[in-house]
Number of protein chains: 4
Amino acid sequence: MRFFSDNAASVHPKLLESLVEANGQDTAYDGDGLSARLNGAFSDLFETEVEAMWVATGTAANSLALAAMCQPHKGVICHREAHIEQDEAGAPGFYTGGAKLMLLDGQGAKLSPESVEACCAAIRDDVHQVQPAAVSITNASEYGMVYHPHEVAGLAEVCKARGLGLHMDGARFANAVATLGCSPAELTWQAGVDALSFGFVKNGGMSAEALIFFDRELAADTHYRRKRAGHLQSKGRFLAAQILAMLEDDLWLDNARAANAGAQIIAKAARDRLLYPVEANEVFIRLSTDEAAHLRSIGFDFYDWGAGQARLVTSWNQSVEDIRPLAEAIASL
Amino acid sequence: MRFFSDNAASVHPKLLESLVEANGQDTAYDGDGLSARLNGAFSDLFETEVEAMWVATGTAANSLALAAMCQPHKGVICHREAHIEQDEAGAPGFYTGGAKLMLLDGQGAKLSPESVEACCAAIRDDVHQVQPAAVSITNASEYGMVYHPHEVAGLAEVCKARGLGLHMDGARFANAVATLGCSPAELTWQAGVDALSFGFVKNGGMSAEALIFFDRELAADTHYRRKRAGHLQSKGRFLAAQILAMLEDDLWLDNARAANAGAQIIAKAARDRLLYPVEANEVFIRLSTDEAAHLRSIGFDFYDWGAGQARLVTSWNQSVEDIRPLAEAIASL
Amino acid sequence: MRFFSDNAASVHPKLLESLVEANGQDTAYDGDGLSARLNGAFSDLFETEVEAMWVATGTAANSLALAAMCQPHKGVICHREAHIEQDEAGAPGFYTGGAKLMLLDGQGAKLSPESVEACCAAIRDDVHQVQPAAVSITNASEYGMVYHPHEVAGLAEVCKARGLGLHMDGARFANAVATLGCSPAELTWQAGVDALSFGFVKNGGMSAEALIFFDRELAADTHYRRKRAGHLQSKGRFLAAQILAMLEDDLWLDNARAANAGAQIIAKAARDRLLYPVEANEVFIRLSTDEAAHLRSIGFDFYDWGAGQARLVTSWNQSVEDIRPLAEAIASL
Amino acid sequence: MRFFSDNAASVHPKLLESLVEANGQDTAYDGDGLSARLNGAFSDLFETEVEAMWVATGTAANSLALAAMCQPHKGVICHREAHIEQDEAGAPGFYTGGAKLMLLDGQGAKLSPESVEACCAAIRDDVHQVQPAAVSITNASEYGMVYHPHEVAGLAEVCKARGLGLHMDGARFANAVATLGCSPAELTWQAGVDALSFGFVKNGGMSAEALIFFDRELAADTHYRRKRAGHLQSKGRFLAAQILAMLEDDLWLDNARAANAGAQIIAKAARDRLLYPVEANEVFIRLSTDEAAHLRSIGFDFYDWGAGQARLVTSWNQSVEDIRPLAEAIASL
């Protein structure tokens, strides 16, 4: 059983069905009937007027959002272990035209208002230093921790005072919402978020993520930038279909709850080994080389996270029965 | 019945089936078993060792190919009506980091060796003028005309003499091969092409195109650039699946033949109105405003191509029965 | 005697003197006393509040102005033979982050309101086509012709209606003003110009040009971009000194008048050979290969401008006596 | 007396004289006789064939060198306090088209082979992480410390093993050579440096720095990039003149020795306050707010370097008599 990545999990059958249903003839690009429903569907979900667009990857969503907020000669404040810094091959630099990521530390890959404020304060207000234009946070974070609405609001306050945009990388936004029990609105625009990369692919999706602009002025140019980046697919209706299927009857939330529940089973079994609180679907544990080898030898796959550490990721389609053997194996190490 | 664009057509059922089949768990990105088969499948098809990678759009394929061939301070020679110039929102400028498209004229959106050579000769060899690094041609062209292998070879000769890369935008490559009856090898690397954007989406595909490097040295950095552009999808196996389904039993060629046959029916009916020879699945005709309105009033949809002209595009899934009413309506105008 | 380029001419002695005078110790970059005087000096000259900054080259001035007006995914409309297109090695593409130059024709390298409007009208208002953001004109033009204030105003009217910025490349702005006898204000902001590259180097300067923003909002980010481009010289006082010396007692205008007068002497002698009206300090004439060889054999240097054509450029420091021999030699061909 | 920055110092009279001498008519750009002498002059100085070009600023020299070594999707390893990271407004990101600076720690703003190797080793060799392409070091460093030839060679060894280019930011290269007493060759190409930004402006120059390529293959495209960046001045002979004047009779070395000697006087007086060894012309000391205020009140100007710290920079034109009062004032604090 694989706990390597939620990217490796299968696609929810309802999404595949939605592709079959979408397979009539329709207008190309995003001129089709399904794409036309996205703004409404997300505005309903977020209880405010938003502008939504599909893209194929979280990297594209993140980079388009940042390019909308940050001119080429400016910077984006993020955590040193943020996905945009560590795992996107420099995409923000490409999309923004050379903007700089300004890297902060913080427990569990989370930023604090204090660290952001200190970063800004340390930058001389002259033309020799790159000035920040935006802050990007990941919720749930790269270490599986969540920002609570009040934490986001604290960051947004600094952003507002400093004139910075606030972007949320929500590759696992669903997992955060599932854990927090709050509304999507409370965790985003009501707390001051300007744009959200709303991830579906790790949560049972196939090839469609959503980029949500709460600050709709940022969206206008993004339509051009999306095309310019080769991300305006000519049969976009198949991306819209996936997203709409995810939103229907809160499938996105059900999937995230299932994955989170799996992580809790592991967390309980590994409670003495936890490196971070388990607040989403990722479990980081201390694990010696021998222990790791043993777990692999009995059929479990996962990611080595540096020396003596491992990352275990649960997925929407793993049941309690799937996970219990791993939990028991860890408990009996 | 729509003749507006082959992008509007439906997806071939075999591709949707391939997605269901691909829906096990597998390694993320392009580490899966299906993606691993692409190089072999295309090397077989092209009868030489190639490096192939999936991307979601032709714009991404074209731009990645050009970025591999052309540094930011150089230029790409193409036709004034090339898709990369007219319809990709400046994507080549984005991917190359600011390279210049050098626009040539030519009947049917085709370049000739003479026009390319004249363009190169007119550029002063000094640092004040942008120097060309590549030539990009579209086959079949934006006006539905094909380059024969010997025409491609003629262009490649100039490229070789001038040290330029040669890229083929093959959004309708299948249609060109179907018309010419040549092998894919004859039309590409044997004629001197370095990289090909091999289109599937207009030909019954959903969301996967292939970027083929005959000059495999160009591929190495492209893997990084693809990721950096947000085009390395995390469940890439679903793109590979589509492409493999297209290659199986030459589905790509069957689809193109069907679309081409449809275009011939219209061409025959509209032979006194043709603006260009019909060599693929696009028919450009003279059509007055009144005539256009009449055709629309009886249920045909198509693209107005400037004053008194129209573009009619046939698709893989349109049968003779589908097309005959349009042909008859045009003939009786 | 060289008539090859006004770039080849010597520097006016008053500018070299200004360097000696500036050679005390002062604050670095543009924090010095001389740089601080630029805004005031140019505001006086242009009879309105402007923001002015020194840069070393016209290419830098042009590109910074265009980058301020045009986002990476947009375009700049200019003449096909504009310096920014022909002779700046793709600098606008570099500075803007990949924006596109949209090339128009027009007599004497001049744009007309009609041609700009037609260009805009032909661009589909969708995300597939690059949308224009600015127009750039050169005054005096690359063929030594001037735009009159009412011509500039006509272009500005189209720009305003279309939401485009208007940039004037004034590498030979002084020559244009000298010819027209109008005020600098009349030829620029009063006619609707947003930013001007005010050239001094071709007009007796050494290494300082001025970038003038009439729309001062465009200037704010340009200070950062100038630094980012490596154009914020650490001893900027020596650039400011040159410019202030040029402005003192209208030296810039005297120099331009002298160069223009020289061109008129040649124009008169070559009146049957003129390719364009001579309205600045450049004379384009028909000249056979034999005639060109003859002129060179008796000591005159100039630029071959394609087959059977030549460009003769006069400079600030060429007296009537310097020029008469050339005029006589041409007259007696 | 100002100890704020060597950028604030005056220009050596010989350079101003060289401008007067250069003021004949000559070919524009770098086609003049003086520019033509640069390759030879620097090849003599470095005892090997080099390619040299003038630029106006160290930022331009650094960025052009890095762009020649590092493609847009790669990275440059440098110190966290490197000038290219801290004080160039993101210029490397601009010139490279979005490459990433990878920031290391190290005493005195110096890198060690171990830290560079550790940085490289920590980067996963996959397409998700930006791969390094070059290392940039500053000699003398931002804290006035020098790299000895064997230290450079140690870094070059890692670079060679990892396939990285090695760039030296030599804004104060003269000061480093003066301190070390080695030859310019020993400190650069003999130790493995591929390109050097050779600074003159801080050392009595006005507006000309030299970019030296020991790896001459890197130079070819840089000629285009320099033009494209607006750094090919049309009267380049005045930049060449300055540089040649600096090289004549080792003026560059004399100036640096004078500045270094001044720093030693201060260092001796402040020996209990030193934050770093004084190895060039910069002195970093502990200095309380009150002490700083006192020094300023009696006429000394300098840079506050964070809380309780100050930076004092000596210049080529400050004599022992100029500096002694400061030394005495510090000693008697």
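**Exercise 1. Find how many residue pairs are in polar contact between chain A and chain B, and describe the chain A side.**

Solution. Between chain A and chain B, 35 residue pairs are in polar contact, both residues at pLDDT 80 or more. A polar contact is a pair of N or O atoms within 3.5 Å; within protein, one must be able to donate a hydrogen and the other to accept it, and residues adjacent in sequence count only if both atoms are side-chain atoms. The model is predicted: local features need pLDDT of at least 70, side-chain atom pairs count only at pLDDT 80 or more, and totals for chains, interfaces and linings use all residues. Residues are numbered from 1 along each chain as its sequence is written, chains are lettered from A in the order in which they are written, and side-chain values use heavy atoms, with hydrogens and water left out.

Step 1. Helices contribute to the chain A side that touches chain B; those giving two or more residues include H1 (13–21), H4 (58–69) and H6 (91–96) of chain A. Helices (H or I, at least four residues) and strands (E, at least two) are DSSP runs, numbered from the N terminus.

Step 2. H6(A) gives the most to this side, with 4 residues.

Step 3. Salt bridges across this interface number 0, the rule being a side-chain nitrogen of Lys or Arg within 4 Å of a carboxyl oxygen of Asp or Glu.

**Exercise 2. Place strand S7 of chain B among its partners.**

Solution. Step 1. S7 (residues 209–213) of chain B has 5 of its 5 residues buried, where buried means under 20% relative accessible area, exposed over 50%, and partly exposed in between (1.4 Å probe, protein chains only).

Step 2. B:Glu209, B:Leu211 and B:Phe213 point one way, while B:Ala210 and B:Ile212 point the other way.

Step 3. Strands pair if DSSP finds at least two bridges between them. S1 (residues 51–55) of chain B runs antiparallel to S7(B), joined by 5 bridges; S6 (residues 195–198) of chain B is also antiparallel to S7(B), over 4 bridges.

Step 4. B:Leu211 has B:Met53 opposite and also B:Ser197 opposite.

**Exercise 3. Describe the surroundings of C:Thr96.**

Solution. Step 1. C:Thr96 is found in helix H5 (residues 91–96) of chain C. C:Thr96 counts as buried because its relative accessibility is 5%.

Step 2. A polar atom of its side chain lies 2.6 Å from the backbone oxygen of C:Pro92, and the side chain of C:Thr96 reaches the backbone nitrogen of C:Ala99 at 2.9 Å.

Step 3. Leaving aside neighbours within four places in sequence, C:Thr96 is in contact (heavy atoms within 4.5 Å) with residues including C:Leu66, C:Cys70 and C:Pro72.
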